[in-house]
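Work through the exercises below with the sequence and the 3D view at hand. Try each task before reading its solution.

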Amino acid sequence: MSDVIELSYNVDGDDFVSCGKASEDVKRTLKSIGIPSEVIRKVAIAMYEGEVNMVIHADGGVAEVRISDSEILVTLRDTGKGIADINQAMQEGWSTASDEIRELGFGAGMGLPNMKKYSDKLEIESTVGVGTTIYLTFNL
């Protein structure tokens, strides 16, 4: 693959039914261009976690994917409430999700830790009251 592929998705807030559609489409695209299955798995897991976080915490956002010969870059951008303490948010099990969200099976505090675990590089920019942008890099 010598061409760069760029994909963009709107993630609807408060819509758990369509949550994950962007990561599913990316998964199909990666498979169709011959990306190794282990890389596809990592991208799909990390991206899904980001979609869920945007639905739970930010009333949606945008997911952008850039696929090149050397890497896959996923950018997850929202205009939600922002993350007050990124170090705390990176702790497994820590979450600001409501009880209602937890009862649905979401908000277990594994989103950001899983994004870090499954990506080769994770960067987070967040401003309280403005929103959050997460950059995930997957090496090929």
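Four exercises follow, each with a worked solution.

The model is predicted: local features need pLDDT of at least 70, side-chain atom pairs count only at pLDDT 80 or more, and totals for chains, interfaces and linings use all residues. Residues are numbered from 1 along each chain as its sequence is written, and side-chain values use heavy atoms, with hydrogens and water left out.

**Exercise 1. Describe the overall fold and its dimensions.**

Step 1. List the elements: the protein has five helices and five strands, where helices (H or I, at least four residues) and strands (E, at least two) are DSSP runs numbered from the N terminus.
Step 2. Put them in sequence order, which gives β-α-α-β-β-α-α-α-β-β.
Step 3. Check the compactness. The radius of gyration, taken over C-alpha atoms, is 14 Å, close to the 14 Å from the globule rule for 140 residues, so the protein is as compact as a globular protein of that length. The rule itself is 2.2 Å times the number of residues to the power 0.38.
Step 4. Add the extent: the C-alpha trace spans about 45 × 30 × 25 Å along its principal axes.

**Exercise 2. Trace the pairing of strand β3.**

Step 1. Recall that two strands pair if DSSP finds at least two bridges between them.
Step 2. Take β2 (residues 60-67) and β3 (residues 71-78): they run antiparallel, with six bridges, and a hairpin of three residues joins them. Within this pair, Ala-63 stands opposite Leu-76.
Step 3. Turn to β5 (residues 131-139), which is antiparallel to β3 and joined to it by eight bridges. Here Arg-77 of the pair faces Thr-133 in β5.

**Exercise 3. Decide whether Thr-29 is buried or exposed, and find its contacts.**

Step 1. Locate Thr-29 in helix α1 (residues 21-32).
Step 2. Apply the cut-offs: buried is under 20% relative accessible area, exposed is over 50%, and partly exposed is in between (1.4 Å probe, protein chains only).
Step 3. Thr-29 has 16% relative accessibility and therefore counts as buried.
Step 4. Look for contacts, meaning heavy atoms within 4.5 Å. Leaving aside neighbours within four places in sequence, Thr-29 touches Leu-7 and Ile-67.

**Exercise 4. Find how far helix α5 is covered, and by what.**

Step 1. Count the buried residues: six of the eight in α5 (residues 111-118), so the helix is mostly covered.
Step 2. Name them: Gly-111, Leu-112, Pro-113, Asn-114, Met-115 and Tyr-118.
Step 3. Identify the cover, which includes α2 (37-57), β3, α3 (86-89), β4 (121-127) and β5.
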